[in-house]
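Notebook open, structure loaded. I want to look up cores, rings and odd backbone angles, in no strict order.

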Amino acid sequence: MSRIGNKIITLPAGVSVEVSAGNLVTVKGPKGTLSQQIDQDIIVKIEDGVLTVARPTEQKRHKAMHGLYRSLINNMVVGVSEGYKKDLEIIGVGYKAANQGNILELSLGYSHAIFMSVPAEIKVATAMEKGKNPMVILEGIDKQLIGQVAAKIKSLRPVEPYKGKGVRFLGEQVRRKAGKAGGKK
């Protein structure tokens, strides 16, 4: 029994959901519109501002898709009503971040600056305050796209375990290792 798949999705005010004949779910809200193709077997019902996802049989394939599609639809509803935000912190001496529109410029200790084009659906902001680590802030309505872009930025300079330098999420805990033991005397 899928516990996530059986949960209902209450639609906030201003959010409308349409299900086409080909099982294409379109969610419209104050922040934008998102669409997701749902498997033909999964049943999506909308009644009185409540959305439910059902599966036709107890097959393993249907059980696997039941919770998945419920989560994807819920992420779309939250995205178009509230939006998503990810904060990345850049830790390291001389590491910098700047942006011009959707072009992100990162100086991460390499011999050259890294220029990264961020998709137009995501709003990028950078913050470099004196005494604080540089920050990259990603905002948008598509949870998957924001996570993918954030993972790409993190992969440019992964956090190393000895000094903790690199790109990480704000508040992320990194396991640190002890350095070399001192010389024997």
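**Entry 1, rings.** Reminder to self: this is a predicted model. I started with aromatic pairs, and a search of the whole structure came back with zero of them. So I turned to charges over rings. Which ring does the charged end of Lys-86 sit over? I found that of Phe-169, with 5.0 Å to the ring centre. The other hit I noted is Arg-157, whose charged end sits over the ring of Tyr-110 at 4.2 Å from the centre.

**Entry 2, positive phi.** Next I went through backbone angles in residues other than glycine. Asn-23 turned up with a positive phi, near 60°. I placed Asn-23 in the loop between β2 (16–19) and β3 (24–29). Buried or exposed? For Asn-23 I get 10% relative accessibility, and under 20% means buried, so Asn-23 counts as buried.

Asp-48 also has a positive phi, near 55°. Asp-48 belongs to the loop between β5 (43–47) and β6 (50–54). Here the relative accessible area is 80%, and the cut-off for exposed is over 50%, so Asp-48 goes down as exposed.

**Entry 3, cores.** How many residues does the largest nonpolar core have? I get 22, and Leu-106, Val-136, Leu-138 and Ile-153 have the most contacts inside it. The elements giving two or more residues to this core are β7 (84–91), β9 (103–107), β10 (114–117), β12 (135–140) and α2 (143–156). Of these, α2 gives the most, with six residues.

I then listed what Ile-153 touches, leaving out residues up to four places away in sequence: Leu-88, Leu-104, Leu-106, Met-116, Val-136, Leu-138 and Val-167. There is also a second, separate core of 19 residues, and Val-15, Val-27, Leu-34 and Val-80 are among them.

**Entry 4, Leu-108.** I picked one loop residue to follow up. Leu-108 is in the loop between β9 and β10. What is its relative accessibility? I read 0% for Leu-108, which means it counts as buried. With residues up to four places away in sequence left out, Leu-108 touches Ile-90, Tyr-95, Ile-114, Leu-156, Arg-157 and Val-167. Arg-157 is back again: I had it in the ring entry, over Tyr-110. Val-167 is also on my contact list for Ile-153.

Last, a distance. From Leu-108 to Lys-7 I get 43 Å, C-alpha to C-alpha, with their positions 101 residues apart in sequence.

Terms used:
Residues are numbered from 1 along each chain as its sequence is written. This is a predicted model: local features need pLDDT of at least 70, side-chain atom pairs count only at pLDDT 80 or more; totals for chains, interfaces and linings use all residues. Side-chain values use heavy atoms; hydrogens and water are left out. Rings of Phe, Tyr and Trp (its six-membered ring) pair if their centres lie within 6.5 Å; planes under 30 degrees apart count as stacked, over 60 as edge-to-face and the rest as tilted. A charge sits over a ring if NZ of Lys or CZ of Arg is within 6 Å of the ring centre and within 35 degrees of the ring normal. Buried means under 20% relative accessible area, exposed over 50%, partly exposed in between (1.4 Å probe, protein chains only). A nonpolar core is a set of buried Ala, Val, Leu, Ile, Met, Phe, Trp, Tyr and Cys residues joined through side-chain atoms within 4.5 Å. Contact means heavy atoms within 4.5 Å.
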